[in-house]
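Dear colleague,

I am handing over the structure we spoke about, and below it I have written down what was found. Please read the notes with the coordinates open beside them.

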Amino acid sequence: VDALIRENAPNVPIPNWKKLNIDGLKYNNFKHRKMALIRFDLISALPPGAVVTSAKLQLYRINGTNITTPRKIGVYKINTDVDIDIATWSSFKKSMYNSTPLDVKQVKYTAAKKPYQWDVTLNVKAILSGASNNYGWLIKDTKKTGQWGYNHVFASANHPKSDYNPVLIIKYTLPAELGITSSSNEICTGETSKLTASGGSN
């Protein structure tokens, strides 16, 4: 699930828009900042016993203004239970997310559509271990800007081309099965047999 929140539409939820605009513009009376909220169902996505080795949030930049200066776009952990479907700029407060981003990527204009990935491994591991709640992530420009033209547009989950939809790329391992082998085909009372345990994990 994902949604766009806009400073110039402070009380309007935008959960079904096909684009996630990220913009840091705030200059005098021009309030054009835009941010995105996103959450994935992690528990059902992985098989039992899976051990996560890496997790990356991938967003496809599909449009935006033609700028030569890259912007730093960060992914931040949301620390409060938020209903993303009805969240608005006014309802989503600064206290609801961690001020330090999980990861930051420099995003710049390219004529071609391009995927960007943010490392969220530590947070995903914490969620799966129960050490952290899964309230989702905020995506925003790390700094305000007083200049026009720093708008980056990423595809949302509602974009009609599924190849551009946000994805969480998780790499994981599974514990090896514990196998028992015997030196004889049958074990009878009073007999001895050598049992060998193999596989498994600590």
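The side chains of E7 and R33 form a salt bridge, with 2.8 Å from N to O, and I would ask you to keep in mind throughout that this comes from a predicted model. The two partners belong to distant parts of the chain, 26 residues apart, since E7 sits in the loop between β1 (2-6) and β2 whereas R33 sits in the loop between β4 (30-31) and β5. Both E7 and R33 are buried. In general terms, side chains of opposite charge can pair when their charged atoms come close.

The structure holds four salt bridges, and another of them joins the side chains of D141 and R71, at 2.9 Å from N to O. Because D141 lies in strand β10 and R71 in strand β7, this pair ties together parts that are 70 residues apart in sequence. D141 and R71 are, once again, both buried. A further salt bridge is found between the side chains of D103 and K105, also with 2.9 Å from N to O. Here the surroundings of the partners need separate statements: D103 is buried, with a relative accessible area of 16%, while K105 is partly exposed, with a relative accessible area of 29%.

The strands come next. Five of them make up an open sheet, in the order β1-β5-β10-β7-β8, with antiparallel pairing. Its edge strands are β1 and β8 (103-107), each of which pairs on one side only, and neighbouring strands of the sheet are turned against each other by 20° on average, if direction is ignored. Within this arrangement, β7 and β10 pair in the antiparallel sense over five bridges, and K77 stands opposite W137 in β10.

Strand β10 also contains K140, which you may wish to look at with some care. K140 is buried yet takes part in no salt bridge, the nearest side chain of opposite charge being D141, 6.9 Å away. If residues up to four places away in sequence are not counted, K140 touches I22, M35, K72, I73, G74, Y76 and Y97.

Turning to the nonpolar residues, which of them touch the most other members of the largest nonpolar core? They are V124, W137 and I139, in a core of 26 residues. At least two residues of this core are supplied by each of β2 (19-22), β5 (34-38), β6 (51-64), β7 (71-77), β9 (114-119), α1 (121-129), β10 (137-141) and β12 (167-173), and β6 gives the most, with four residues. Apart from this core lies another, of 14 residues, including I5, Y76, W89 and M96. As a general background, nonpolar side chains tend to be buried together in soluble globular proteins.

Finally, I170 is found in strand β12 and is buried, with a relative accessible area of 18%. The C-alpha atoms of I170 and V52 are separated by 6.9 Å, although these residues are 118 residues apart along the chain. Leaving aside neighbours within four places in sequence, I170 is in contact with L42, L46, V52, S54, A55 and V124; the last of these, V124, was named above among the residues that touch the most other members of the largest nonpolar core.

With best regards

How values were computed
Residues numbered from 1 in each chain as written. Predicted model: local features only at pLDDT ≥ 70, side-chain atom pairs only at ≥ 80, totals over all residues. Heavy atoms only, no water. Core = buried A, V, L, I, M, F, W, Y, C linked by side-chain atoms within 4.5 Å. Buried < 20%, exposed > 50% of the residue type's maximum accessible area, 1.4 Å probe, protein only. Pairing = 2+ DSSP bridges. Axes fitted to C-alpha atoms, helices over the stretch in contact; angles between N-to-C directions. Lys, Arg positive; Asp, Glu negative; His and termini not counted. Contact = heavy atoms within 4.5 Å.
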